[in-house]
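Reader: Hey, could you walk me through this one? I've never looked at it before.

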Amino acid sequence: MKPRSDAAYAWGFALLGALFFLPFLGGAHLFDWDEVNFAEISREMLITREYTRVYVNFEPFFQKPPFFFWLQAGAMALFGVGEYAARFPNALCGILTLPLLFLAGKRLKGQRFGIIWAGAYFGSVLPFLYFKSGIIDPWFNFFIFLGLYYFILAYWKKDEKPGIALPQNYWWYLFLGGFWIGMGILTKGPVAYLIAVLTMGVYWVYQRFRFYVNVPQFLFFTASALLVSLIWFGLETMKNGPEFMIEFNVYQYRLFSTPDAGHRGFPGYHFVVLLVGCFPASIFAVRAFFRLPAEQYDYQRDFRIWMKFLFWVVLILFTIVRSKIVHYSSMAYFPLTYLAALTIEGLISGAIAWKRWMKILLHSIGGLFVLVLAALPFVGRHIERLIPLIDDPFAQGNLQAEVVWSGWEAIPGLFLLVLLIVFGWWMQRNRKQAFAILFGGSAVFVMLTLVFLVNRIEGYSQRAAIDFFTEKRQEDAHYLVYGYKSYAHLFY
């Protein structure tokens, strides 16, 4: 049989993304704060036709640049204002991310590795879930990874690393690196540049302060990023003065120095988020931080070092940041799944042993998901027993909402239990097929969880308020929220 071409695999991953990421985007209301906040900004953008300044509640909003809202506004113009349109840009990001990882992996280590890397990203819980959301981070992370990837290619081209085909001039790769970082700045701000430069700085220290790119090349990379970002930042400053830049930087400082909006967390918060949230890829990524089999080419070993540095930069940076929010560390999904793919490739080839600790960690975290999801229907049907144990009157009121639990909501947990058993059994027979079953099944597990549980969880968290706002939509009145922060009354 003739081997499939790279284009066939790339299109196959794009189709896979479309099949999983596009359905059910409008199946649940948008969640406060971020999803509703961003969707409301985009809705108002369509109303005001003001595309160069960001508004919420028709007042200037200084916390985010506009690129993601341009995407959302475009989707709303196409599909109508609603949940589906608000989440559509991230589904599109997922459809692009999977082929990107396949092609990058193929360039680095061959076709099989590209398949493993894209599959590991596709079948891990939080990376999959974020492509079904309406938050900014998937596009932000996509641009940062592309920027750093092309910067690395420029460095390899300059040093003429053997074994990898880089047909373009290294100045072109540098420009592309800066361009994509500039797009990241337009999406969420200068943190895109900060993450990239911190990673470059760590690599510079690793190189014993050798200038692996010279100063003019680095300045060219930076100028490319600034050129792109100034398309909007410069226009905003010229049109409205420096107010956005001042307020935006004040906001960024507040996020860094204080637990903004009550988002507190313990020092190991993001370690736990990545270990549990990126299941099952996180289990195999752990192994890649220890000694791995020697790689054929120097550039392959070098890319592994870059990905480790990127992982630790993201993890340490957002551990230092006082505000703890799950998606802050989501940039680490790229290096984490790459490292997981290295381990998986070694397990398939037999170069890495399938150790007992891996099995224990896989079944411990997987078992945690199984227990929680299997227990939720029972807890939901006896929620009155939980209410007296909670001190917060607001939470007590939410738990009194009428939510119907049939018992079928345990299906995702039971599916995952069977998946883990089948994976363990199949690992003894065909490891390549076993990993296809694990990550493909994990994607199905996340979809089942969304279908069976999201609306019921929303029933306790916000549905009563959103139903009220929706009922009052046609009234000639203004509504405000009291005692808590929300954007739902604006959007709905």
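Author: Sure. Keep in mind that this is a predicted model. Let's start with two helices: the axes of α4 (residues 83-109) and α14 (residues 298-320) come within 9 Å and cross at roughly 135°.

Reader: How do you describe α4 relative to α14, then?

Author: α4 counts as oblique to α14, because an angle has to be over 145 degrees to count as roughly antiparallel.

Reader: And which residues make the contact?

Author: From α4 you have R107, L108 and K109, and from α14 there are Y299, Q300 and F303.

Reader: What kinds of residues are those?

Author: Three nonpolar, one polar and two charged in the contact of α4 with α14.

Reader: OK, new topic. Where is N141?

Author: N141 sits in helix α7, which covers residues 137-159.

Reader: Buried or exposed?

Author: N141 is buried, since its relative accessibility is 3% and the cut-off for buried is under 20%.

Reader: What does N141 touch?

Author: If you skip residues up to four places away in sequence, N141 touches S330, M331 and F334.

Reader: Now A341. Which helix has that one?

Author: A341 is part of helix α15, residues 333-349. A341 has 0% relative accessibility, so A341 counts as buried too.

Reader: And what is A341 in contact with?

Author: Apart from neighbours within four places in sequence, A341 contacts F113, I116 and W117.

Reader: How far apart are A341 and G114?

Author: In sequence, A341 and G114 are 227 residues apart, while in space they are 8.6 Å apart, C-alpha to C-alpha.

How values were computed
Residues are numbered from 1 along each chain as its sequence is written. This is a predicted model: local features need pLDDT of at least 70, side-chain atom pairs count only at pLDDT 80 or more; totals for chains, interfaces and linings use all residues. Side-chain values use heavy atoms; hydrogens and water are left out. Axes are lines fitted to C-alpha atoms, for helices over the stretch in contact, and angles run from 0 to 180 degrees between N-to-C directions. Helices (H or I, at least four residues) and strands (E, at least two) are DSSP runs, numbered from the N terminus. Angles under 35 degrees count as roughly parallel, over 145 as roughly antiparallel, 65 to 115 as roughly perpendicular and the rest as oblique. Contact means heavy atoms within 4.5 Å. Ala, Val, Leu, Ile, Met, Phe, Trp, Tyr, Cys and Pro count as nonpolar, Asp, Glu, Lys and Arg as charged, and the others, Gly among them, as polar. Buried means under 20% relative accessible area, exposed over 50%, partly exposed in between (1.4 Å probe, protein chains only).
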